[in-house]
Every structure is written in C-alpha cells, then in structure tokens.
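Here's a quick briefing to read with the model open beside you. Pull up the structure and follow along.

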Amino acid sequence: MSPPDGLSAGIGTAPDGSSAAIGTDTASRDHPVLVVDFGAQYAQLIARRVREAHIYSEIVPHSISAQEISARQPGAVIFSGGPKSVHVEGSPRIDPDIYRLGIPILGICYGAQLIAAQLGGEVSRTGIGEYGRTAMSVSDPGTLFGPDEDTERPVWMSHFDSIATPPDGFVITASTPQAPVAALEHPDQRIYGVQFHPEVAHTPGGQAVLERFLYQGAGLAPSWTTESFIDEAVDAIRAQIGDGRVVCGLSGGVDSAVAAALVHRAVGQQLTCVFVDTGLMRQDEGQQVIDAFRRSQGIELIAVDAADRFFEALVGVIDPEEKRKIIGELFIRIFEEAANQVDGAAFLVQGTLYPDVIESGSDSAAKIKSHHNVGGIPEEMDFELVEPLRDLFKDEVRAVGHELGLPDEIVWRQPFPGPGLGVRVIGEVTPNKVALLSKADAIVRAEIHDAGLDREVWQAFAVLPDIRTVGVMGDERTYGHVVVIRAVTSEDAMTADWARLPYDLLEKMSSRIINEVDGINRVAYDITSKPPGTIEWE
Ligand code: XMP
C-alpha cells in the first residue's frame, strides 16, 4: 500500500550531503523552475518532483507572457501535459517568444507536442493513442537518458496525438510503437521534450530523466534543502515582524505547529501561541500540543479549555453543516478573546501551504462540505498575516517540522477536520458520545501504528453512528452503540480508496474496541471509496 506516486518525504539535504548555500548560478527561490500548467492533473506532481531534486519550483498558468517569465529569471521552464489536442481550436498555448529567451525548456506530453507544433514540427492524429505502461526504445542517450542504462525501458504514456516530425535541429532520442518521437532534444538551444510522463512513479527511472534535464540540460545545482529553507524563512520573518508582537493559533495539526515553531525560531518570545481545546479533539491531543510547545519548545502558550462551551452550543444540533458553522464561529470568538490578551499584537501566523495558494487562484469546485476551518482567520481581526509556509508542499512542511525538533506525533499527524470529533459523532454531539468515540478512535490509531501502517494509510479513525444494535455478551443481551472503522489511502484527499487492512488487524481492533470501550457491542468497517463517499461521514 505504498503511495501510488511513490513520493519520498521532505526536502532533505542535497544529494551530495551538503546543504548548499544558494548562489547566483543555482536555482534558488530567486531562480525557480517554472512549471507551466496546461491543465494537467500532474502539474503539482511535476513541481514536487523538481523539489525532490532539491531545486525550487513553482507552478504558473500558461497565459503567462514571455516577458513575465523572463522577469522571474527562472533556472528552467517545464511545460506540463494537458487534456487537449494541439489541433483543437482554443487549446492552450504559450507565448512563442519564450523560445527566444535562451531558458532551458522541457516539454512533457502535451508540452512536448506544443514545442514541436510551435517550432515548425508536425503533430499528427494517428487515430491510435497509448495509455498506460508502454515499451520505449532509446536510440540515443542524448541528455535525458544515462549512457549506461537499458535502451529498452517501460514508460507511462497517456496521449492520443503524436509528434510525427520534429522541428529543424531537433534529434529524436527515443520512440515507442505508436510514438515515433517519444523523446527529442535540441541540445544547443537546451530545449527538450518527452512524450511519456517522467513524473509518475509508473515510469521507472522517470525522476532520473527529470534530474538529467535539471542538472545536465539546464546546468542547475541542487540548493533547495530544509536547512536553506529554514535560514531564508527565519530572515524573512524577522524582516517582516521587526520587534512587533505576533500571535499564532495552534490547532494541533502539522501546518500551524510548524509555522509556529519557525516563527518562534525567528522571533522567540515575541510569539504567543493560542490553543483552544474544543473538547472535540482526539484522545490526549490537547495535552500533546501543550507539552510539545510550552514544555519542549519553551513557547509562550495560552491554552483555553473551552469544552463546556462547545458542548453547550451543540445541544440538539444534528445537521452537519450547522455543526460546522457553530463550531467554527465559537472557535473564532474564543480565539479572539485569548488573542486580545496579548498586548500590542499586530501579526497573526497562518499555516497556509502552497497548494492552498495555487487553489485559491482557481474557481472552486462545487461545495460538498463547507470545511469550515476551525483555526481559520477571524476576518474582522486587524492583524497583518505572517505565512511562512506558503511556498511549501505538505511533505516539505513535515521535513521542516522534523528539522525544527517537533515530535513525530505532530509532524506525522493525520489530517483531522477542524470540527474534530463533532463531525464523527453522527447526530447530536454529547460529552458521553465523544468520550466513547475518542476511546475507540485511540484504539484504531494505536493498532494502525503498531502494524507499521501510519505512513501508508492516509487517515484511519472511528465514527460513531447514531444507531444501536442488539448483541450478546456473557449470555446477556446487550443493546449498544456501533462503531465504524474508516481507513483510507489517498494522495490529496480529493479522491480516496478504502484501505485493504489485513483481516487480523481488523479483528484485533474490533475485539479491543468491544472489550475496552463500555457501551459498544458492534464494529463495522467502511468499504466505500471517495467518490462516491467522502472520507468523513458528515
Ligand atoms: P471529505 O470528508 O470531504 O474530507 O472527503 C476530505 C478531507 O478534509 C477533511 N475534512 C475537513 N477538514 N474542516 C477541515 O479542516 C472540515 O470541516 C472538514 N471536513 C472534512 C477530512 O478529514 C479529509 O482529510
């Protein structure tokens, strides 16, 4: 059950073991690799792969002009794939002046076809596409293929059109049965194209192809490391905050925790964290946050135990969206009360990540759930935002958290909805039901942990539906609660599959929950993928 994209976590150190300082000849954040998005499902994955090669990358829309690209002084540009055909009227293009800038370019799939079409080659509709694993023959190692590697190799394809004739000056370096030009290059102009997808894990050696483009083709040096990020971020935070006072809301999640630890490293006691315990967190989670921040990191922390106020506000509330609204609004009110105790605070830390930044630029999809983010910004509060993680992907945030000394339970914490157990107790939320659920949930997570599956399962938790069933225990009839175990694999929570947990593990969870949690007499396992289900039950 390894993640399908096979991503390794984190920025890590450079391949040569150094944490190279960023010089002018390297692609630091000043010289990013720009990934031009042609509507590909893989644009983010390409950017992450480039960062795994220790080179900073960002995604830009295809509407960007050559002048704008030039102004960013990129170390290289990568064109993503895309769902359209270059022959379709209105299919996405790129400003052709980009080819005159002398910046190294790699086109992937649609991106390669676009290069061919825009530079005078021919892209044909053969009527036969290639989808999935395809055998490719390398005729010339060129820049992108290692001279000692197999000339016959499998690659992942997903295309309908094919490049039939490369533009003048280009060399064909690989082909497949349906794609006479599976890879091409113009080494003098440093323009490269591949019909296959080097960024997906299904292309063995795909990362090496990307790295050869970056290091040999574009001449970039690996400089994007956890250490270099932390150093730059600390300087930027100090420059922004000066000697001001700053507040950070901790949710218990990894993003706010890492953001707080980073700001603390930059400005120390100028930071005060606020932690609102809603009573809807998982077992021992509140205490873990207090221990990790107040005790281990020495961060000033205002902890508010607000469980009673949340339970009171939820009396008689059944509708999930109504719960989210009530919990979200009450959270903000309590957070404000606490933050107002910090005299003269002018800055507020937010754990915004790069995918949020990208996504907020696009039209949002149909609203399925409001995802009312507990821990979100109180809009009417008059703070300047500090967002030290807005350039990072989640796996990079984890690497930074680890480097800053945060404990594994926080760094590797599963995603947890802001409204917490409030949306995992189906129906009315009461202290009793939350207590039952949190015990069962702790067992599920402990067993996943003991089975060594923490990093393979995206989320694993217990749900308490609003039903009771009949059972028999020790010759006595019981009439108790049902607990549902939910465990899913996913890459980004947009889609998910139910985790194929071993039967023995499920059995152990079931018998422990029934034996150890009074009032539960039945355990079920949810075998619904997303779609059609969602990960949470409410
Ligand atoms: P669904 O249930 O929509 O969940 O498949 C997708 C991801 O989002 C989390 N989730 C939430 N996160 N506030 C949050 O901050 C919410 O109200 C909320 N609802 C769901 C869920 O745990 C999963 O990771």
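What follows goes from the domains to helices, rings and cysteines.

This is a predicted model, in which local features need pLDDT of at least 70 and side-chain atom pairs count only at pLDDT 80 or more, while totals for chains, interfaces and linings use all residues. Residues are numbered from 1 along each chain as its sequence is written, and side-chain values use heavy atoms, with hydrogens and water left out.

**Domains**

- The protein splits into domain 1 (25-221), domain 2 (226-411) and domain 3 (424-525), with bounds that come from an automatic or database domain assignment.
- Between the C-alpha centres of domain 1 and domain 2 there are 38 Å. Eight residues from domain 1 and 12 residues from domain 2 make up the contact, where contact means heavy atoms within 4.5 Å.

**Helix α5**

- Helices here are DSSP runs (H or I, at least four residues), as are strands (E, at least two), and both are numbered from the N terminus.
- Helix α5 covers residues 226-241, and its 16 residues should span 22 Å at 1.5 Å a residue; the end C-alpha atoms are 22 Å apart, so the two agree. The expected span is 1.5 Å times one less than the number of residues.
- Which residues of α5 are buried? They are Thr226, Ser228, Phe229, Ile230, Ala233, Val234, Ile237 and Ile241. Buried means under 20% relative accessible area, exposed over 50%, and partly exposed in between, using a 1.4 Å probe and protein chains only.
- As background, an α-helix has 3.6 residues a turn, so residues three or four places apart point the same way.
- Those buried α5 residues pack against β12 (245-250), α6 (254-267), β15 (345-349), β16 (384-386) and α11 (394-403).
- Asp231 also lies in α5, but it counts as exposed because its relative accessibility is 51%. From Asp231 to Val276 is 45 residues in sequence and 30 Å in space, C-alpha to C-alpha.
- After α5 comes Gly242, with a positive phi near 55 degrees.

**Helices α6 and α11**

- α6 is mostly covered, with 13 of its 14 residues buried. Its 14 residues should span 20 Å at 1.5 Å a residue, and its end C-alpha atoms are indeed 20 Å apart.
- Gly268 follows α6 and has a positive phi, near 50 degrees.
- α11 is mostly covered too, as seven of its 10 residues are buried: Asp395, Glu396, Val397, Arg398, Ala399, Val400 and Gly401.
- Charged residues are part of that buried set in α11, including Asp395, Glu396 and Arg398.
- The buried residues of α11 pack against α1, α5, α6 and α12 (408-411).
- Gly405 follows α11, again with a positive phi, this one near 90 degrees.

**Aromatic rings**

- The whole structure has 10 aromatic pairs. Rings of Phe, Tyr and Trp (its six-membered ring) pair if their centres lie within 6.5 Å; planes under 30 degrees apart count as stacked, over 60 as edge-to-face and the rest as tilted.
- One of them is the tilted pair of Tyr56 and Trp224, at 4.8 Å centre to centre with 55 degrees between the planes. It links distant parts of the chain, 168 residues apart: Tyr56 sits in the loop between α1 (43-52) and β2 (57-61), and Trp224 in the loop between α4 (206-217) and α5.
- Tyr56 counts as buried at 0% relative accessibility, and Trp224 counts as buried at 1%.
- Phe79 and Tyr99 pair edge-to-face, 6.3 Å centre to centre and 75 degrees between the planes. Phe79 is in strand β3 (residues 76-79) and Tyr99 in the loop between β3 and β4 (105-108), so the pair ties together parts 20 residues apart in sequence.
- Phe79 is buried at 0% relative accessible area, and Tyr99 is buried at 12%.
- Phe38, Phe79, Tyr99 and Tyr110 form one aromatic cluster.

**Charges over rings**

- Arg48 lies over the face of Phe393, 5.9 Å from the ring centre. The charged end of Arg282 sits over the ring of Phe416, 4.6 Å from its centre.
- The cut-offs are NZ of Lys or CZ of Arg within 6 Å of the ring centre and within 35 degrees of the ring normal.

**Cysteines**

- How many disulfides does the structure hold? Zero, with a disulfide taken as a pair of cysteine sulfur atoms within 2.5 Å.
- The sulfur of Cys273 is 4.7 Å from the closest cysteine sulfur, in Cys248, which is too far for a bond.
- Cys248 counts as buried at 1% relative accessibility, and Cys273 is buried at 0% relative accessible area.
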